[in-house]
Amino acid sequence: EEKQVEETYKRYRQLIVPTLPRQKGWMSEHLYMHQDYWFETTIVEGVMYLQEHFKPRPADVLLATAPKCGTTWLKGLIFSIINRTCYNASAKDHPLLTAGVHECMPFLEVHLFTDLPIGDTEILSSPRLLSTHVPYAMLPESARGPNGCRIVHMWRNPRDAFVSFWHFVTGWRRKAQLSELSLCEAFDLFSQGVSPYGPFWDQILGYWKASQEYPDKVLFLKYEDMKRDPKHLVKKLAEFLGQPVTVEEEERGVVDEILALCSFESMSKAEVAEKGNFHGGRPSYKDFFRKGEVGDSKNLLTDDMIRRLEEITKVKFNGTGLEI
Ligand code: A3P
């Protein structure tokens, strides 16, 4: 079977990927366009593998976000909500703090399917908690629609998402000894939709539409709302995940404990975040925590840049009621 997987990757690498349109990469040499979206050099293979071989189960919980929109935070929240009876959220040795958030909820196309040997998702017991940045339309058919798995999406205003991404990529490129990607160049690419898993807006719209069609299956959240009223959203999340918070739990302070465990402070200072490396050490756990604030983009972007993003967003989100 290993041989077969190797053959599959050889096919992607030698036959398919070289034929795809490509653009300047953010984290590797190129971004490749596969089914209307852009992916980094090795990630595109992971995405193809996910599409052809991942077998979703109805009990799966899939966290599907646009990059830099609060994935790490939400991974922590989902894991601690689902596992709150076996792991007390106030325990000092909670798996989120010891094993680390990305072990608790790995990225399909990044951690499991990108490097050989391939991670075996079949051996995981249900409910599997998995994460992805892949657009809705590209998920395997059985993950989508009324009989698909539970999908949680989170987005964020494009200004802050872009700035967060640029900082992340700058750190990554430094470690990988790649030349700097200037803010202006990254901004132009991002505005044209050429960013990893982009166009940024299209990815969000895909999940928004799905959440309108299948509200029981797709929960659509926004980083800024979560920051404003985290307690409300944790309860909403628990309900969506089929494990509503009981009155007794609320009185016991379970929601507050979960929020404290998953706070920026707690997650970024956990030992695993200080020391933990995974996926070859790039990025490290630390790189997923920067400021965790709303509105930091105003410190970096010019008024013109902000206006340009607003204009694009207005056009893209026209008729949806979505506001930044
Ligand atoms: P900033 O770069 O604006 O600080 P992702 O997890 O999708 O990669 O997103 C990363 C962004 O979420 C970063 O934003 C990071 O600081 C922020 N973040 C990480 N953990 C967080 C938490 N527990 N609470 C709030 N924000 C968090």
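This text walks through one helix and its packing partner, and then through several loop residues, in a predicted model.

A good place to begin is helix H3, which covers residues 71-82 and so has 12 residues by the way helices are assigned here. From its first C-alpha to its last, H3 reaches 16 Å, close to the 16 Å expected at 1.5 Å a residue. H3 is mostly covered, since 12 of its 12 residues are buried; among them are Trp73, Leu74, Leu77, Phe79 and Ile81, as well as Lys75, Gly76 and Ser80.

One partner of H3 is helix H11, made up of residues 230-240, and the two helices pack at an angle of about 55° with their axes 10 Å apart. Because of that angle, H3 is oblique to H11, and H3 passes H11 in a right-handed crossing. On the H3 side the contact involves Leu74, Leu77, Ile78 and Ile81, which meet Val234, Leu237 and Ala238 in H11. Sorted by class, the contact of H3 with H11 consists of seven nonpolar residues, with no polar and no charged ones. An α-helix has 3.6 residues a turn, so residues three or four places apart point the same way.

Beyond H3, the loop that runs between H3 and helix H4 (95-98) holds Asp93. Asp93 has a relative accessible area of 55%, and it counts as exposed because the cut-off for that class is over 50%. The C-alpha atoms of Asp93 and His153, which are 60 residues apart along the chain, are separated by 28 Å.

The backbone also deserves attention, and here a general expectation is useful: most residues other than glycine have a negative phi, and most peptide bonds are trans. A cis peptide bond with omega of about -5° joins Leu116 and Pro117, and Pro117 is placed in the loop between helix H6 (108-112) and strand S5 (129-132). Another cis peptide bond joins Ser126 and Pro127, with omega again about -5°, and Pro127 is likewise found in the loop between H6 and S5.

Two residues that are not glycine have a positive phi. For Gln35, in the loop between strand S2 (30-34) and strand S3 (37-40), phi is about 50°, and at 46% relative accessibility this residue counts as partly exposed. For Tyr197, in the loop between helix H8 (183-191) and helix H9 (200-213), phi is about 70°; with a relative accessible area of 8%, Tyr197 is buried, because buried means under 20%.

How values were computed
Residues are numbered from 1 along each chain as its sequence is written. This is a predicted model: local features need pLDDT of at least 70, side-chain atom pairs count only at pLDDT 80 or more; totals for chains, interfaces and linings use all residues. Side-chain values use heavy atoms; hydrogens and water are left out. Helices (H or I, at least four residues) and strands (E, at least two) are DSSP runs, numbered from the N terminus. The expected span of a helix is 1.5 Å times one less than its number of residues. Buried means under 20% relative accessible area, exposed over 50%, partly exposed in between (1.4 Å probe, protein chains only). Axes are lines fitted to C-alpha atoms, for helices over the stretch in contact, and angles run from 0 to 180 degrees between N-to-C directions. Angles under 35 degrees count as roughly parallel, over 145 as roughly antiparallel, 65 to 115 as roughly perpendicular and the rest as oblique. A crossing is left-handed if the near helix is turned anticlockwise from the far one by less than a right angle, and right-handed if clockwise. Contact means heavy atoms within 4.5 Å. Ala, Val, Leu, Ile, Met, Phe, Trp, Tyr, Cys and Pro count as nonpolar, Asp, Glu, Lys and Arg as charged, and the others, Gly among them, as polar.
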